[in-house]
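Hi,

Here is the structure I promised to pass on. Have a look at it first, and then read my notes underneath.

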Amino acid sequence: MTKRMLRRLLAVGMAAVVMLLVGLWDMAIEQKNICTNRMLEQALPLFEAEPLAEQGQKVAYLTFDDGPSKTTEEVLDILAQYQVKATFFVCGADNNEKYLPILARTVEEGHQIGLHSCSHQYKKIYADPDAFWEDLDQLWEKISPYVAQKPVCIRFPGGSTNTVSRKYGGSDIMEILKQQATEKGYRYFDWNDCAGDAAGGHPTASELQKNVMKDADKDHLIVLMHDTAATKNTVEALPGIIEMLQQKGYIFDTVENYPQMEQK
């Protein structure tokens, strides 16, 4: 075997190892709903201009995924204390069912409800585009008794550029879903700042605060957090996150007020 052939074999082997590691990481994302750097910086590039930023005003959009749960009311209490409005991208799975009435309070207190997923099962919702929209219709059916107006803002599980969906619906499923979302009148939002509260390992409140603040250098900051039973440390971290963002000059708003510019 020549040295050239050996180098080629080694290169092929390394490529296979990289592909395997990427696949394993994507599986971990699916199982734990982890946000990664590959998923960051996706919300802002969807829009070309930032009018509020041009006026020197920094805006933070606090978003909470996968609720409601027994943790949600504690989150609402803190938001009320600081007079901060947030956006909740909700689910309608079995573990959410008994907490859905909390959405009535969420709306009454001026927060925004966004659609996330009814089942949050990647294999199901990303089987094909129709499956995704059927799942979202089921979610609306479940939450409509508590939310008078159908939400127009959505967040795709895993983000709009996730790679997990490819093994179920093909390599182009997210591009199809994004186009269909726009055609249906939805606005979809990812995030450009992640608390890391769903990444496993039960990070402390201090660690969550550090995770948020290390990326708090943008004029428009969309912060990903979770209000699930498994992310109780988020409740402990939330007052500090709000106060530290305020100290950096941020005001707070809901994503429906994010500048509506032409989507790319």
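Below is what turned up, one topic at a time.

Keep in mind that this is a predicted model.

Let's begin with Asp 227. You'll find this residue in the loop between β7 (220-226) and α10 (233-247). Is Asp 227 paired up in a salt bridge, or without one? Asp 227 is buried yet without a salt bridge. The nearest side chain of opposite charge belongs to Arg 155, and that is 9.1 Å away. A salt bridge would need a side-chain nitrogen of Lys or Arg within 4 Å of a carboxyl oxygen, so that distance doesn't qualify. What Asp 227 does have is a polar contact of 2.8 Å, side chain to side chain, with Thr 72. If you skip the neighbours within four places in sequence, Asp 227 touches a run of residues from another part of the numbering: Phe 64, Asp 65, Asp 66, Gly 67, Pro 68, Ser 69, Thr 71, Thr 72, Val 75 and Phe 88. So Thr 72 turns up both as a polar partner and in that contact list.

Next, the cysteines. How many disulfides are there? The count comes to 0. Take Cys 91 as an example: the nearest cysteine sulfur, from Cys 118, sits 8.2 Å away. The two sulfurs would have to be within 2.5 Å, so Cys 91 is in no disulfide. Cys 91 counts as buried, at 2% relative accessibility. Cys 153 is buried too, at 1%.

Now for the aromatic rings. The count here is 9 aromatic pairs. One of them joins Phe 132 and Trp 133, edge-to-face, with 4.9 Å centre to centre and 85° between the planes. Phe 132 is buried at 1% relative accessibility, and Trp 133 is buried with a relative accessible area of 8%. Another pair is Phe 156 with Tyr 188, and this one is tilted: 5.7 Å centre to centre, 50° between the planes. Where do these two partners sit along the chain? Phe 156 is in the loop between β4 (153-154) and α7 (166-169), while Tyr 188 is in strand β5 (residues 187-188), so the pair links distant parts of the chain, 32 residues apart. Both Phe 156 and Tyr 188 are buried.

To see how the rings fit together, try picking out the cluster that ring pairs make from Tyr 122, Tyr 126, Phe 132, Trp 133, Phe 156, Tyr 186 and Tyr 188. Both pairs described above have their residues in that cluster.

Cheers

Definitions and conventions
Residues numbered from 1 in each chain as written. Predicted model: local features only at pLDDT ≥ 70, side-chain atom pairs only at ≥ 80, totals over all residues. Heavy atoms only, no water. Helix = DSSP H or I, 4+ residues; strand = E, 2+ residues; numbered from the N terminus. Buried < 20%, exposed > 50% of the residue type's maximum accessible area, 1.4 Å probe, protein only. Lys, Arg positive; Asp, Glu negative; His and termini not counted. Polar contact = N/O pair within 3.5 Å; in protein donor to acceptor, adjacent residues only side chain to side chain. Contact = heavy atoms within 4.5 Å. Phe/Tyr/Trp six-rings, centres within 6.5 Å; stacked < 30°, edge-to-face > 60°.
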